[in-house]
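Okay, thanks for coming, everyone. Let me put the structure up and then walk you through a few spots.

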Amino acid sequence: MKLKATAKSIKHAASIIKKGGLVAFPTETVYGLGADALNPRAVAKIFEIKKRPAFDPLIVHIAEMEWLHKLTRQVDKKALILIKKFWPGPLTLVLLKSSLVPDIVTAGLDTVAVRMPAHPVARQLIKFSQTPIAAPSANLFGCLSPTTATHVEKQLGKKIDLILDAGKCSVGVESTVLSLVGGKPVLLRPGGLPVEEIEKAIGKVVRHVYWQASKSKNKKIQSPGQLPSHYSPRTPMKLIKSLEQIPFSNDTGVLLFKKPAIKIKVGVVEILSEKGDLTEAAANLFSALHRLDDAGVKIIYAERIPAVGLGSAIMDRLQRASFKE
């Protein structure tokens with residue numbers, strides 16, 4: 001069932017969460033599939049419905065700071081600086097977890113990923129539920145992330161109890177995930193908050209080649225979004241360096257960063273931002289990929305994007321969407 005996100009429907013959604021059910025809800029990044037983070041049975045339903053592997057930990061969403069201290073063992077100075085500057089917002093912090101957090105949420109890790117979403121519907125839902133909400137993206141595992149309620153409905157349909165519809169997500173890519181466990185801050189996933197902004201606040205952050213970091217079968221997943229193949233359309237996708245690499249065919253779909261100087265004679269063309277604005281491009285990324293995936297083309301060619309600011313998050317998603325074992 002899909003309902004417009006009103007005060008009445010949000011309270012109804014909270015009652016579902018309290019009873020151990022699943023609710024898809026909007027955040028500023030993407031739509032999340034939420035369950036009571038302190039209820040292992042409810043959280044297990046997330047893994048079952050999404051077909052998500054149990055080794056992939058979830059992000060816990062909170063609406064008030066008191067929950068952060070209940071869920072974690074230590075909140076250091078750098079964490080407090082980032083929280084003051086960027087919460088609520090698209091930043092997830094990985095910290096040492098308390099015994100309150102069920103192991104199923106963290107995939108048995110000694111850490112927990114926590115964020116405070118900025119979307120008012122998400123915040124209200126968490127407050128009315130009176131519990132932290134564990135919520136990955138509201139899609140089938142590995143598939144395109146949902147930035148509208150329709151995207152959720154298309155992938156999960158009647159498998160979940162309720163979808164709260166509040167229109168399109170404003171940021172459009174998942175949150176930035178930063179580990180503050182150990183000596184140095186480590187970027188585990190680029191996302192809706194550019195790492196450059198984080199470094200302005202707390203200094204140097206260790207950056208890995210995020211999506212390649214998980215190629216090793218022996219490497220433990222430390223946070224959501226670290227698998228090499230992820231965020232993928234059903235249609236095969238290939239990254240290109242120049243428009244000359246695109247074969248002109250009606251069976252071809254093309255994803256461009258900005259308006260091209262030449263006409264592209266293919267079946268479908270999606271432009272992320274006419275003027276090449278990275279914020280606009282990020283907000284439009286998954287919706288454009290959903291449209292290309294539904295267009296019936298045989299292959300999608302995606303133009304590379306400058307990997308600075310939000311461009312790093314966009315390129316991360318495009319690289320993993322086109323990754324082949």
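So, which side chain of opposite charge is nearest to Asp36, and how far away is it? It's Lys18, 9.9 Å away, and Asp36 is buried yet has no salt bridge. Buried here means under 20% relative accessible area, with exposed over 50% and partly exposed in between, using a 1.4 Å probe and protein chains only. A salt bridge needs a side-chain nitrogen of Lys or Arg within 4 Å of a carboxyl oxygen of Asp or Glu. For charges, Lys and Arg are positive, Asp and Glu negative, and His and the chain ends aren't counted.

Quick caveats: this is a predicted model, where local features need pLDDT of at least 70 and side-chain atom pairs count only at pLDDT 80 or more, while totals for chains, interfaces and linings use all residues. Residues are numbered from 1 along each chain as its sequence is written, and side-chain values use heavy atoms, without hydrogens or water.

Back to Asp36, which sits in strand β3, residues 32-36. Helices (H or I, at least four residues) and strands (E, at least two) are DSSP runs, numbered from the N terminus.

Next, helix α10, residues 310-321. Of its 12 residues, 11 are buried, including Asp316 and Arg317. Those buried residues pack against β10, β12, β13, α9 and β15, with contact meaning heavy atoms within 4.5 Å.

Finally, β10 pairs antiparallel with β9 over 3 bridges, and parallel with β11 through 2 bridges; pairing takes at least two DSSP bridges. Val186 stands opposite Ser179 and has Val206 as its bridge partner in β11.

Conventions. The expected span of a helix is 1.5 Å times one less than its number of residues.
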